[in-house]
Amino acid sequence: MAELLLELRNLRKSFGGLVVTDDVSLDLRQGEIHALIGPNGAGKTTLIHQISGTLAPDSGHVIFAGEEVTRLSMARRARRGLARSFQITSIVAGFSAIENVALAVQARSGSSFRFFRPVGTEASLNGQAMEALAEVGLEHRAAAPAAVLSHGEKRQLELAIALAMQPRLLLLDEPLVGTGAEEAERLIRILGGLRARYGILLIEHDMPAVFALADRISVLAQGRVIATGTKDEIRANPIVRDAYLGEEEA
Amino acid sequence: MNATLLFVQALNGLQFGILLFLIAAGLTLVFGVMDFINLAHGVQYMVGAYLGATLAAWTGSFWLGLLLTLPATLGFGLLLEFLVFRHFYDRDHLSQVLATFGVILFLNEGVRVVFGTAPLQMPMPELLSGGVTVMDGLLYPTYRIAILAVGLATAGLLWFLVERTRAGMLVRAGASNAPMVSALGVDIRRLFMLVFGFGAMLAGFAGALATPILSVEPGMGDTPLILAFVVIVIGGIGSIRGAFLGALLVGLVETLGRGLMPDLMRLVMDPSAARQTGAALASMLVYIVMAAILTFRPAGLFPARR
Amino acid sequence: MRWRETAVPLAIFLALAAAPFLGFGQGHSLTLLARAMIFGMAAISLSLIVGGAGLISLGHAAMLGVGAYAVVVLDHARITEAWMVIPIAIAASAAFAAVTGAIAIRTSGVHFIMITLAFGQMAFFATSSLAIYGGDDGYTLYSRTELFGSRALEGRLFFHFTCLALLILCWGLVQALLLSRFGRVLRAISENETRARAVGFEPYRYRLVAYAIAGAIGGLAGVLLANGTEFVAPAYLTWQRSGDLLFMVILGGTAGPHGALMGALAFILIEEWLAHLTEHWRLIFGPLLILCVYFLRGGIAGLPRRG
């Protein structure tokens, strides 16, 4: 069996009286796409925040590649190989596409306390950034300012940034949201191609995409995991049908 | 330094803290409710002092002057809000800092043109010019005790307004979630104006109240402004309770530090060096306390819930 | 836009180099120009914090003040050699920036503004209470800083060109810094902090280093300020001076050091011109400042972009 990459043990988080993550335990293996589905407000993004380090859980453990990272900062987790995309695209709008990606390459290659050499001339940073852009099919837009990219292209760029970090685990928060049919299809193809090299935790509302990509699916409702299983198991699960899939199909 | 002197210093410190609170309260509310950073809050204190002095001279009565200062500073605050501040509510903090800095330059100079550079001295109102025996053989000026009492009463009134009235509830709600209050159908602009005018009035009142014990001069609002910033940073921005406790702390540290530091230094060095080092340390003490507090609690002692 | 980042500063440097030979060689003009160049350096260093790191400091005058007072302390001990004075002054202001920055940078936004203001004020009061260095009244230097024992800096022209050379150096340094690996991280942090964290950068360290570098350059400007007037007083550290510096940066535009340079020159010239008109020039300057902030969103450097 493939190596255990991510393990969540009894995570709990509440805001005031509202419990948003309720005793969540979950695991993810190398080479696996594990999809996290559930209605809006189920606490999916909050969970991603706790895995990536934006939010600290009230209790429980986040174990990444055998190491407890629950109390580490977001930046430290990133350097250990945990990359994430954001539900609302987060890029440096004032940078060109390639500079956005090169920033991520830079974070893992050598010190960034270098003060004099123009960074734009560092061939190795640019080369690796270009490779990541090519992987998501955005190399022709490398020089464009990130701000002028289309929505779908920004999603691709964000994915390229994550890949450029050479992570072990990708946390993708609704990568398809707001993309057109054609762009979505391309992103699904790209994601499918990534499966072998990374573990991927995927939050997505697009059910056909989820069922096309995921190896396993967990269903989250009101902060709790109500089911985890293969596609067929989830499809057949009556609780899930009631709680979630049913209303989607209705 | 003996116990009596220490006691006097502590009283002075509390009284200074109370004045600081009156300034800081408006500042923290304006910031908490409107997310607006107003450097010109200190000149409103100065304007209050000048208006108080002028109105007292004009009416021939300190009390009437003090009373008239309230509507006058309220009006002045609203005028500034109308002319300048409201145009910067939607702008970033940097623009707000600079725009209100421009107001300071203008008003400090304006006061100089109108009243001259020489400090005005206000006579103590006769009724309170004496002293009160607070301890065996210790006469403490009545007026300073009056400041303490008036300040505490104002703090109580403010607490009541903010915690127990509908307008206060809106202010508190606005401090944590302005769009929400706006969605409830409250005219947020009017609420802003109200808070602004009220804050200006409190600062102006503090200025007028201080006229008999401080010299009234251009730029007199600058140091209290910065100390008020220290107060609300220590207390937690947007929190009245934090401002109150922060103000008392800053008042005490500032006053006691100046009194005690040189003596403390004398324990470890010769008198002349002790006087110098003590004075230098005393003037830095408030900021060192602030730094220490922020090191452990970056959001201040009583951060308002956001 | 790229050409403006270098063309405008180069034109300004050329003009400053030629100025003494084009009828601006008298004492008063040279003093004014030196002042403009020194504040240009200070504004450039502040722009590294404001534009580069996205932090609004209202205590930058203290950096100049620490540099200037380092000159005073050394002068009092009769140490005037530039190779001693300049490194010590720069180290002192960088250390001051590092210590105060270590606390201030833990916070952000309006907290940062107030804390830098408070630390600036702390430095002001500390210098005011230093009786051996004149306290409130300030301190007159025994002599200007010397270069290998020579009193070359006392020559008006020599001083002018020293200021110019150091100004160019600072501008080039900050420009290079912003284009380096470090600068890229800094720019990314100021524009989208979450993104920078998500790829693995801890903003705190980069901001602190930028703050200390800005402090060091500010200290160098302070050395020149002390030498230009041969007099140092706590008035150099007032928070109004910090406000002036911030205004210079905004007036010019925060897009890079060229903006700060233009802003500083414009500021000094406007100030000089208004002070000629009336003793109460601040009555005009204050409202002018408000109008500039209201209308000039991108600063002077952003002007031709409009319309």
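**Notebook: strands of chain A and contacts among chains A, B and C**

I began with A:E7 and found that this residue stands opposite A:D27 in β2(A). The model is predicted, so I kept in mind that local features need pLDDT of at least 70 and side-chain atom pairs count only at pLDDT 80 or more, while totals for chains, interfaces and linings use all residues. Residues are numbered from 1 along each chain as its sequence is written, and chains are lettered from A and ligands numbered from 1 in the order in which they are written.

**Entry on the hairpin.** I looked up the strands around A:E7, taking helices (H or I, at least four residues) and strands (E, at least two) as DSSP runs numbered from the N terminus, and counting two strands as paired if DSSP finds at least two bridges between them. Strand β1 (residues 4-15) of chain A runs antiparallel to strand β2 (residues 18-29) of chain A, and nine bridges join them. Their hairpin has two residues between the strands, and there A:G16 takes a positive phi near 60°. I then followed β1(A) to another partner, strand β4 (residues 59-64) of chain A, with which it pairs in the antiparallel sense over five bridges. In β4(A), A:E7 has A:I63 as its bridge partner.

**Entry on the open sheet.** I next traced a sheet of six strands in chain A, which is open, has mixed pairing and follows the order β6-β7-β8-β3-β9-β10. At its edges I found β6 (82-84) and β10 (224-230) of chain A, each with a single partner strand, so one side of each is left without a neighbour in the sheet. The twist averages 15° from one strand to the next, with axes being lines fitted to C-alpha atoms, for helices over the stretch in contact, and angles running from 0 to 180 degrees between N-to-C directions. Strand β9 (residues 216-221) of chain A is antiparallel to β10(A) and is joined to it by six bridges; within this pair, A:V219 has A:A227 in β10(A) as its bridge partner. Helix α1 (residues 44-52) of chain A packs on the sheet and touches β3 (33-37), β6, β7 (169-173), β8 (199-203) and β9 of chain A, while its direction makes about 150° with that of β7(A). I used contact here in the sense that the C-beta atoms of two residues, placed from the backbone, lie within 7 Å.

**Entry on chain A as a whole.** I noted nine helices and 10 strands in chain A. The radius of gyration of chain A is 18 Å, close to the 18 Å that the globule rule gives for 250 residues, so chain A is as compact as a globular protein of that length; the radius is taken over C-alpha atoms, and the rule is 2.2 Å times the number of residues to the power 0.38. Of the contacts in chain A with a separation of 6 or more, 68% are accounted for by residues 24 or more positions apart. Buried residues make up 44% of the 250 residues in chain A, where buried means that 20 or more other C-beta atoms lie within 10 Å of a residue's own, exposed means 12 or fewer, and partly exposed lies in between, with C-beta atoms placed from the backbone.

**Entry on two positive phi values.** I checked A:E174, which is not a glycine yet has a positive phi near 50°, and placed this residue in the loop between β7 and α6 (181-194) of chain A. A:E174 counts as buried because it has 20 C-beta neighbours inside 10 Å. In chain C, I found that C:E230, also not a glycine, has a positive phi of about 55°. C:E230 lies in the loop between α9 (203-229) and β2 (231-232) of chain C, and counts as partly exposed because it has 15 C-beta neighbours inside 10 Å.

**Entry on the chain contacts.** Two pairs of chains touch, and the most contacts are between chains B and C. There I found 34 residues of chain B in contact with 36 residues of chain C, and α4(B) gives the largest share of the chain B side, 14 residues. That side divides into 25 nonpolar residues, eight polar and one charged, with Ala, Val, Leu, Ile, Met, Phe, Trp, Tyr, Cys and Pro counted as nonpolar, Asp, Glu, Lys and Arg as charged, and the others, Gly among them, as polar. Chain A and chain B do not touch, and their nearest C-alpha atoms are 11 Å apart.
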